[in-house]
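Q: Hi, I'm new to this one. Can you walk me through it?

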Amino acid sequence: MTVVEKDSERPLTTEGRTEMQKIAKSLKAIGLQTNQIYTSPLKRARETAEIAAKILNIPTLEEWDELKPDGSKAALYRKLEKLERNSRLILVGHEPYLTSMIGEIIGITGPRIVLKKGGMAKVRITSFTSQISGELRWLLTPKIMTKMS
């Protein structure tokens with residue numbers, strides 16, 4: 001057994017890999033349309049993104065330091081703003097960073113949104129002017145996603 005000292009180097013568990021494969025297969029079965037994944041460079045996030053990219057046939061997989069747990073949301077928003085309008089992309093990151101980001105975009109604070117490990121949210125960004133804003137379109141748990149197909 002290999003001992004990993006840093007949390008950032010900890011890989012997905014066998015169960016985590018299996019669950020992510022099921023989730024990605026369900027997303028493919030329902031016709032999720034995207035062609036880009038941006039991921040935190042931390043090992044578990046990278047592995048999650050690679051599984052999704054393979055199953056969903058996503059050609060673009062890129063690491064963004066801004067998606068690390070201590071990443072800069074302001075820098076992340078600047079990168080997102082430069083992408084093509086109406087881009088359909090997947091961001092793979094960590095909690096509570098992602099929940100905090102979703103809350104900030106949709107204008108709520110506090111623990112009102114719960115994004116489970118392997119969960120997925122669809123957020124439509126409506127503006128980057130002065131302050132990022134948008135709307136939560138849906139929030140899915142891994143359990144729901146694996147039952148969709």
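A: Sure. One term up front: helices (H or I, at least four residues) and strands (E, at least two) are DSSP runs, numbered from the N terminus. This is a predicted model: local features need pLDDT of at least 70, side-chain atom pairs count only at pLDDT 80 or more, and totals for chains, interfaces and linings use all residues. Residues are numbered from 1 along each chain as its sequence is written, and side-chain values use heavy atoms, with hydrogens and water left out.

Q: What phi does Gly 31 take, just after helix 1?
A: A positive one, about 85 degrees.

Q: Which residues of helix 1 are buried?
A: Gly 16, Met 20, Ile 23, Ala 24, Ser 26 and Leu 27. Buried means under 20% relative accessible area, exposed over 50%, partly exposed in between (1.4 Å probe, protein chains only).

Q: And what sits on the face turned away from them?
A: The exposed residues Thr 14, Glu 15, Lys 25 and Ala 29.

Q: What do the buried ones pack against?
A: Helix 2 (43-56), strand 4 (120-127) and helix 5 (142-147). Contact means heavy atoms within 4.5 Å.

Q: New topic. Strand 1: which residues are buried there?
A: Gln 36 and Tyr 38 on one side, Ile 37 and Thr 39 on the other. Both faces are covered. In a regular strand the side chains alternate between the two faces of the sheet.

Q: How many bridges join strand 1 to strand 2?
A: Four, and the two strands run parallel. Strands pair if DSSP finds at least two bridges between them. Thr 39 has Glu 63 of strand 2 as its bridge partner.

Q: What about strand 3?
A: Strand 3 (residues 89-92) also pairs with strand 1 in the parallel sense, over four bridges. There, Leu 91 partners Tyr 38.
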